[in-house]
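Visitor: I should be grateful for a close look at a single part of this chain. Please choose one residue, and then set the part in the context of the whole.

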Amino acid sequence: MGRRKQNRQVFENIPVTDAGAKGKAIGHAPDGKVIFINNAIPGDVVHVQTTKKRKAYYEGTATEVVTLSRKRTQPQCQHFEVCGGCKWQNMEYKYQLEYKQQEVVNNLTRLGKIELPEITPIAGSAEEYFYRNKMEFGFSDSKWLTLDQIRSGEIIEDRNALGFHIAGMWDKILDIEKCHLQRDPSNAIRNGIKEFATSNDMTFYNARNQEGFLRTLMIRTSSNGELMVLVQFFKEDSKNRTLLLDYIKDTWPEITSLLYVINEKGNDTIYDQEVICYAGRDHIFEEMEGLKFKINAKSFYQTNSKQAYELYKITRDFAGLTGDELVYDLYTGTGTIAQFVAKKARKVIGVEAVPDAITAAKENAQLNNIDNAEFYVGDMKKVFNTEFINTHGQPDIIITDPPRDGMHGDVVQQILNISPAKIVYVSCNSATQARDLALLDDIYKVTRVQPVDMFPQTHHVENVVLLEKR
């Protein structure tokens, strides 16, 4: 431990010049090396305590802000910095958008090294706060104490917490009073449950000892006012379970779907667990342009509903459909984009690796009376082969929305083999998108680029690219 501490240095009066990957700020040490800095924004001048030293760079934390950047703003959330969820809340939104735009431009130019059209200005989110439709909170009997609480010397009797995991601390939960990410009644439900459970001596989960009663809470809202609440218990205790669920049901009669899970596993994922409906129905509906999407406890749905609509409109616009096209939607998820473009296409074929997602996609297509969309399950690099194309037809357009890692090399190669007239590539990681665009560059030219901000107050940015045959 002593040696690690010796490696730590303090650099004074470091100008912060830029924003880098993962929301870190960038400065330069006296020796010229880059420093990736926590707790600072471009335009600040800061003292930095280093936490890591590497050959080419340092990592560190700003211990004091000597000069405040003009790009700063007052964070709205009382939990800012301790929580770690909204790292850019102290930066004015217009500057957040500038740095997101810059990240996309940098990745496509430096990593992709391809010819680009003029990149359209980023589509900002109309809602800067309270935009998320899904939040997950953890219960803990040993809440994370902030520095202020520790310094006060006050003995804190109630160590119960219901909130977020502290980054890098799998067993520590920060108690949250008000989160600015999900609209009401989310905060009221979370705080009410915590107060009721504590006053009725229900035990909160202890991850280290694997004991306790209350484990996690999930709240989902939809743009048409529906509400889902799921409580995850570590063990069955029918008396207390009924007491808590009845309290939730009676206090918030507007809840559409009240669910619970009893999960005795080591981890708290619910995907392999039975979800039991206690009151209402086992799902809620999201609506978009007259389409209904049924969402259950395990469904994936874009977490910013309003901005997802903007993203899908851009995707459809880039595709430029006339009604005659056969469209392939790769990594289709629950088929949201596929159904969104179906009315303007001759036929849409969706492919996805997660069986439950495809079941949901088929169910939603039926619900929406869409008869020109078909969905198939399978590992993309295996199922998306010549036989698949021969069976379903040569696509005119491919829409692809892969996970953060981008597309597998075999999938890129198969797209090149098929060589549709257009590809619309939706990405949540412009670095892996740039890599894939470079692989497609021999045959395809990037003709349109549109960044989209789905997650205000964070560094995350989506990007939509149109590629057309050279």
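Guide: In this predicted model, let us begin with Asn-39, which is partly exposed, with a relative accessible area of 36%. That value falls in the partly exposed class because buried means under 20% and exposed means over 50%. Asn-39 is found in the loop between β4 (34–38) and β5 (45–53). The backbone here deserves attention: Asn-39 is not a glycine, yet its phi is positive, at about 65°.

A second residue may be set beside it. Gln-457 also has a positive phi, of about 75°, although it is not a glycine. Gln-457 sits in the loop between β21 (444–452) and β22 (462–469). Gln-457, however, is buried, with a relative accessible area of 2%.

Another loop holds a further backbone feature. The peptide bond that runs from Asp-184 to Pro-185 is cis, and its omega is near 10°. Pro-185 belongs to the loop between β9 (173–175) and α4 (186–199).

These loops are parts of a chain with twelve helices and 22 strands. The radius of gyration of the chain is 24 Å, close to the 23 Å given by the globule rule for 470 residues, so the chain is as compact as a globular protein of that length. Of the 470 residues, 53% are buried, as Gln-457 is. Finally, among contacts between residues at least 6 apart in sequence, 63% join residues at least 24 apart.

Conventions
Residues are numbered from 1 along each chain as its sequence is written. This is a predicted model: local features need pLDDT of at least 70, side-chain atom pairs count only at pLDDT 80 or more; totals for chains, interfaces and linings use all residues. Side-chain values use heavy atoms; hydrogens and water are left out. Helices (H or I, at least four residues) and strands (E, at least two) are DSSP runs, numbered from the N terminus. The radius of gyration is taken over C-alpha atoms; the globule rule is 2.2 Å times the number of residues to the power 0.38. Buried means under 20% relative accessible area, exposed over 50%, partly exposed in between (1.4 Å probe, protein chains only). Contact means heavy atoms within 4.5 Å.
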